[in-house]
Amino acid sequence: MDETKPNILMQDWEDEYLIETAIESPRVWVTLNDEIEIQELKSDRFDEVLKIIKEHYIYDEPLIQSSQMYTDNGSVEEYLYLVQTWMKDTLSTVAVELKTGNLVGFLVCRFNEIHNRDPEFSKDRVYEGSILRELKKFKHYLTKRGNAYKHNNVDKMLEVYSWFVLPQYRNKGIGTELLRNVMERQLPEYEWFDIQVIGGVFTDMVSQRIAESLGMVTLYEFVYSAWTATNEKTGEQEEFFKKIVRENHSAKVMSVKVGQSSSVPSGRQSGAIDEHDNIV
């Protein structure tokens with residue numbers, strides 16, 4: 001042992017070193033195959049999440065990719081601003097490759113209340129970027145009809161906002177463990193805030209299958225090809241989602257009451273391999 005370094009196990013709990021270490025170090029929830037750690041998202045990783053969104057997510061996430069939001073700089077910048085806001089007040093989670101220390105996936109979520117009057121998250125807020133405005137309109141339409149608050153008879157919930165694993169790291173169970181972590185391992189923290197329901201809009205077949213395998217149920221489903229928007233130049237209605245990929249035909253509003261999830265044992269930590277992995 002290197003005696004020049006403080007031994008954390010020998011420190012008194014009132015020692016400033018130990019306190020600062022505990023505050024600054026992310027909690028590690030689980031390790032997959034001795035390769036990937038599922039960690040608490042700390043502020044020093046925010047820029048990495050935003051970088052992945054800017055370089056990968058907007059080109060690969062089915063809903064955003066098919067809307068071609070990457071062609072609208074105003075929408076992209078506004079979306080990045082929103083993600084920054086979500087990350088600041090959430091219990092979000094990241095996947096980190098041990099060998100490199102690089103972030104390879106994330107799940108961003110936040111607490112929502114049905115009576116929240118914050119204009120920052122109001123359905124009436126005018127977002128920068130025409131494509132993002134239409135995406136928000138689409139999401140509001142779905143969540144209004146698949147009303148998780150009404151379905152579960154609650155006035156607050158934890159909502160999944162952005163969920164993504166880099167393409168080269170898929171099919172390793174990472175996406176599943178990110179969602180499982182939110183649905184199971186962090187329950188004591190949700191209970192502190194009196195949160196009983198976890199839900200969100202799941203935009204492709206793989207994420208929907210994963211959510212369903214962990215106990216989520218579908219409250220509402222909408223076929224992408226049925227959504228039309230007004231062409232700003234011609235004034236005509238036309239199909240908004242023009243290039244749906246990987247046979248992802250619909251979006252689903254899904255939710256679960258905490259404590260009712262996980263048809264798969266949560267102890268499956270090491271060696272967890274899924275036939276598919278999420279791309280949302």
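This is a short talk on one protein chain, its buried parts, its hollows and a few of its residues.

Okay, hi everyone. One thing up front: what you see above is a predicted model. So please keep that in mind for every number I mention.

Let's begin with the overall picture. The protein chain has 280 residues, and 50% of them count as buried. As for secondary structure, you'll find nine helices and 10 strands in the chain. The accessible surface adds up to about 14700 Å², with 48% of that belonging to carbon and sulfur atoms.

How do the contacts spread along the sequence? If you take contacts between residues at least 6 apart in sequence, 77% of them join residues at least 24 apart.

Now, the inside. In soluble globular proteins, nonpolar side chains tend to be buried together. Here, the largest nonpolar core has 79 residues. Which of its members touch the most other members? Those are Val-49 and Phe-106.

Let's stay with Phe-106 for a moment. Leaving out residues up to four places away in sequence, Phe-106 touches Val-49, along with Ile-52, Ile-53 and Tyr-57. Its list also has Thr-93, Val-94, Ser-162, Trp-163, Phe-164 and Leu-178.

Another phenylalanine to click on is Phe-111, which sits in strand S4, residues 103-113. Phe-111 and Glu-159 are 48 residues apart in sequence, yet their C-alpha atoms are 6.3 Å apart in space. With residues up to four places away set aside, Phe-111 touches Leu-91, Met-157, Leu-158, Tyr-190, Phe-193 and Ile-195.

And then there's helix H7, residues 174-185. How many of its 12 residues are buried? The count is 12 of 12. That takes in nonpolar residues such as Leu-178 and Leu-179, but also charged ones, including Glu-177, Arg-180, Glu-184 and Arg-185. And remember Leu-178: it was one of the residues touching Phe-106.

Next up, the hollows. The structure holds one cavity of 30 Å³ or more, and the volume of this largest cavity is about 350 Å³. It is lined by 21 residues, and the ones closest to its centre are Tyr-57, Leu-63, Lys-139, Tyr-161 and Thr-203. Tyr-57 is a familiar name, since Phe-106 touches it.

Which elements give two or more residues to that lining? They are helix H3 (62-67), helix H4 (73-88), H5, strand S5 (156-165) and strand S6 (197-202). H5 gives the most, with six residues. By class, the lining of the cavity divides into 16 nonpolar, two polar and three charged residues.

H5 also turns up at a pocket. The second largest pocket has a volume of about 400 Å³. Of its 15 lining residues, Ser-130, Ile-131, Thr-230, Glu-232 and Phe-240 are the closest to its centre. Helix H5 (130-145), strand S8 (228-230) and strand S9 (237-239) each supply at least two lining residues, and the largest share, three residues, comes from H5.

What classes of residue line this pocket? There are three nonpolar, five polar and seven charged ones. Put that beside the cavity, with its 16 nonpolar residues, and you have a nice pair to look at on screen.

Now for a bit of backbone. Most residues other than glycine have a negative phi. Here are two residues that go the other way. Gln-68 has a positive phi, near 60°, and its place is in the loop between H3 and H4. Asn-153 is also not a glycine, and its phi is positive, at about 55°. You'll find Asn-153 in the loop between helix H6 (148-152) and S5.

Are these two buried or exposed? Gln-68 counts as partly exposed because its relative accessibility is 29%, which falls between the cut-offs of 20% and 50%. Asn-153 has a relative accessible area of 70%, so it is exposed.

Last one: Gln-196. This residue lies in the loop between helix H8 (187-192) and S6. At 35% relative accessibility, Gln-196 counts as partly exposed. Ignoring neighbours within four places in sequence, what is Gln-196 in contact with? The answer is Val-154, Val-256, Lys-257 and Val-258. Its C-alpha atom is also 8.7 Å from that of Asn-152, which is 44 residues away along the chain.

That's my tour. Thanks for listening!

Methods. Residues numbered from 1 in each chain as written. Predicted model: local features only at pLDDT ≥ 70, side-chain atom pairs only at ≥ 80, totals over all residues. Heavy atoms only, no water. 1 Å grid on protein atoms, 1.4 Å probe; cavity = no way out; pocket = protein on both sides within 12 Å on 5 of 7 lines; lining within 4 Å. Points joined across faces, edges and corners; volume = space filled by probe spheres on them. Helix = DSSP H or I, 4+ residues; strand = E, 2+ residues; numbered from the N terminus. Buried < 20%, exposed > 50% of the residue type's maximum accessible area, 1.4 Å probe, protein only. Contact = heavy atoms within 4.5 Å. Areas by Shrake-Rupley, 256 points an atom, 1.4 Å probe, with all protein chains shown as cover. Core = buried A, V, L, I, M, F, W, Y, C linked by side-chain atoms within 4.5 Å.
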